[in-house]
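Take a look at the model below. The questions after it ask why each label applies.

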Amino acid sequence: MVKNRSTLWYAALLVGWAFDILYWGKSLGISFFIHTILTLGVLAFLVWKEGKTPAANSFFLVPLILIFSALTFIRAEPFTRTLNHLLSIGFLGLLLLSLQGGQWFAYTLSDYVVSGLRLILNVVGLPFKMLTTKEEAQPSSEDGELRQGTWKRITPYLRGILIALPLITFLAALLGEADPIFSSWLKDLIELLSLEKLPEYILRLVLISFWTFLAAGGLLYALVKSGEEKLVGVEQPWPPRFLGSTETTIIMGAINILYFAFVTIQFRYFFGGEKNISLEGYTYAEYARRGFGELLAVAFFTLFIIMVLSSITSRESKTSRITFSAMTGAMTVFIGVMLVSSLQRLALYESAYGFSRLRTYSHLCILWIGVLFLAILGLEVAQKHRYFTLASLAAVAGFLLTMNVVNVDAFITRRNIQRLEVEEAALDTHFLDTLSHDATPVLVKLADNPNLSTQERDEIGAVLACRAYVMEDREMKWQSFTLSEYRARVALQENASLWEDYEVLTDDYWNIYVEVEQEKFYCDYWDWID
């Protein structure tokens with residue numbers, strides 16, 4: 001199976017033990033990035049130790065894994081951070097699946113399902129198989145000599161530990177009497193090892209064993225099975241292309257006619273201006289709110305239809321291929337108009353009610369859906385249908401990278417305050433208080449914006465006071481370090497004059513608040529604190 005079983009188990013134990021050191025009783029922070037680097041390092045060492053040769057295409061996954069795992073402690077906005085974790089884990093899984101085969105870029109959706117199930121089964125099965133399979137037998141004399149040599153090497157260590165323990169105990173007791181600080185440290189150490197924590201230690205030991213087992217399974221798969229990649233549908237198309245070109249042309253033609261009618265109405269009513277819409281009994285904001293979600297759903301469903309029809313339609317002749325590509329191009333054009341319409345509707349909604357996380361996600365998502373449609377159209381014309389899934393994965397990665405670059409919570413804060421310069425609107429400071437650490441430096445920077453009313457400026461001061469209060473009482477462990485919280489702490493410390501005059505109080509239910517113009521401004525910090 002592998003030549004260095006002991007080395008593999010030691011490596012898996014290192015990865016499994018890291019779960020306890022990095023995550024037990026600690027919130028996620030830089031720990032995930034460190035654990036990712038450790039896992040990649042262990043994998044690289046085992047590949048070298050076993051004399052395996054990774055495929056060239058597999059190396060492209062390593063920077064993706066590192067980038068998204070690093071972003072997990074750079075951004076604090078919950079959705080962005082969660083996607084960073086998931087995508088880095090997903091790319092790591094792809095690396096294990098395709099380390100030696102290197103065909104991950106040609107995976108279809110079927111390959112992801114089949115390979116994913118195969119990885120899960122082998123992660124559980126391979127360690128059991130290695131444990132129950134004996135190593136190659138050696139001559140009995142050599143085996144006896146090997147065991148005897150091992151014991152000879154171990155015995156001095158055991159003897160030294162047994163002699164050292166009573167001596168260390170006696171000397172530590174004397175030193176504890178000599179220095180009260182050292183005595184306090186000894187008491188903490190003894191308390192840490194007390195029997196009261198025995199159930200916790202047992203649980204942690206069980207979890208370390210569990211993660212070690214899974215790590216061994218993943219490493220074994222990469223070393224043993226990743227070179228056995230078999231792509232679905234290479235020898236014979238799957239799913240079978242059972243639908244004829246005529247049926248597909250009718251389906252796509254009917255959809256295009258429907259979209260043409262809808263787009264015509266869009267030009268007449270929506271692009272025609274507010275007057276045309278109000279004549280039909282809708283306000284501009286109502287019209288925007290009514291249609292945005294539905295148009296986005298239509299775009300997603302159309303993309304799904306194109307990908308499904310492409311995989312099940314038989315296109316033997318050149319005419320049928322050209323017809324399908326033309327129909328796809330028409331649908332792409334119509335969806336493009338709908339996406340522009342969606343952006344305009346969303347802009348109207350934001351103008352009326354300001355920016356929120358969901359509206360910001362939607363803005364960025366629309367742009368990347370448009371990019372994905374163009375990519376799918378290009379692949380269809382080039383007859384590269386197998387790469388539809390790769391294009392989708394690239395669009396997801398691009399969308400997430402854009403969210404990290406935009407810095408969603410900082411963007412929302414900036415835009416909601418800046419819109420006061422051109423519109424007479426109220427600022428929802430309670431909503432701003434629910435945003436993550438990413439928003440704090442922007443709040444500090446814009447707290448003295450001249451377009452803010454006195455009450456809004458006081459409420460922003462209350463928000464900053466709430467955050468400073470929470471951070472002051474929060475014990476930060478190095479495993480939980482995040483760059484966003486560090487920047488927030490620095491911004492608050494350097495601009496203490498903005499919030500130090502606002503006293504943070506606690507009511508009878510232990511809710512914290514700040515009095516602003518004789519009203520309680522409650523701190524909604526539970527939504528963003530780890």
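**Sheet, helices and surface patch**

Q: Which strands form a hairpin with two residues between them, and which residue in the turn has a positive phi?
A: S2 and S3 form that hairpin. Glu517 in the turn has a positive phi of about 50°. The model is a predicted one.

Q: What makes S2 and S3 count as paired strands?
A: Pairing needs at least two bridges between the strands. Four bridges join S2 (residues 512-516) to S3, and the two run antiparallel. The strands therefore pair. Among the bridge partners are Val516 with Glu519 in S3, and Val514 with Phe521 in S3.

Q: How do you know that S1 and S2 pair?
A: Three bridges link S1 and S2 in the antiparallel sense. The cut-off is at least two, so the pair qualifies. One of the partners is Tyr513 in S2, bridged to Leu505. S1 and S2 also form a hairpin, with five residues between them. Trp510 in that turn has a positive phi of about 65°.

Q: What is the strand order of the open sheet, and why are S1 and S3 said to stand at the edges?
A: The order is S1-S2-S3, with antiparallel pairing. Strand S1 (504-506) and strand S3 (519-522) each have a single partner strand, so one side of each lacks a neighbour in the sheet. Neighbouring strands are turned by 50° against each other on average, direction ignored.

Q: Why is S2 called largely enclosed?
A: Four of its five residues are buried, so the rest of the structure largely encloses S2. Helix H18 (residues 454-473) lies across S1, S2 and S3. H18 runs at about 155° to S2.

Q: Why is Thr328 called buried or exposed?
A: Thr328 has a relative accessible area of 1%. Buried means under 20%, so Thr328 is buried. Thr328 lies in helix H12 (residues 318-353). Leaving aside neighbours within four places in sequence, Thr328 is in contact with Met252, Ile306, Leu377 and Glu380.

Q: Why is Leu13 called partly exposed?
A: The relative accessible area of Leu13 is 36%. Partly exposed lies between the 20% and 50% limits, so Leu13 fits that class. Leu13 is found in helix H1.

Q: What makes Leu13 eligible for the nonpolar patch by area?
A: A patch residue needs over 30% relative accessible area, so Leu13 at 36% passes. Leu13, Trp17, Ile21, Ile34 and Trp478 form the patch on the surface. Together they have about 490 Å² of accessible area. Helix H1 (residues 5-23) gives the largest share, three residues.

Key:
Residues numbered from 1 in each chain as written. Predicted model: local features only at pLDDT ≥ 70, side-chain atom pairs only at ≥ 80, totals over all residues. Heavy atoms only, no water. Patch = residues over 30% accessible without salt bridge, like charges linked within 9 Å, V, L, I, M, F, W, Y side chains within 5 Å. Areas by Shrake-Rupley, 256 points an atom, 1.4 Å probe, with all protein chains shown as cover. Salt bridge = Lys/Arg side-chain N within 4 Å of Asp/Glu carboxyl O. Buried < 20%, exposed > 50% of the residue type's maximum accessible area, 1.4 Å probe, protein only. Contact = heavy atoms within 4.5 Å. Axes fitted to C-alpha atoms, helices over the stretch in contact; angles between N-to-C directions.
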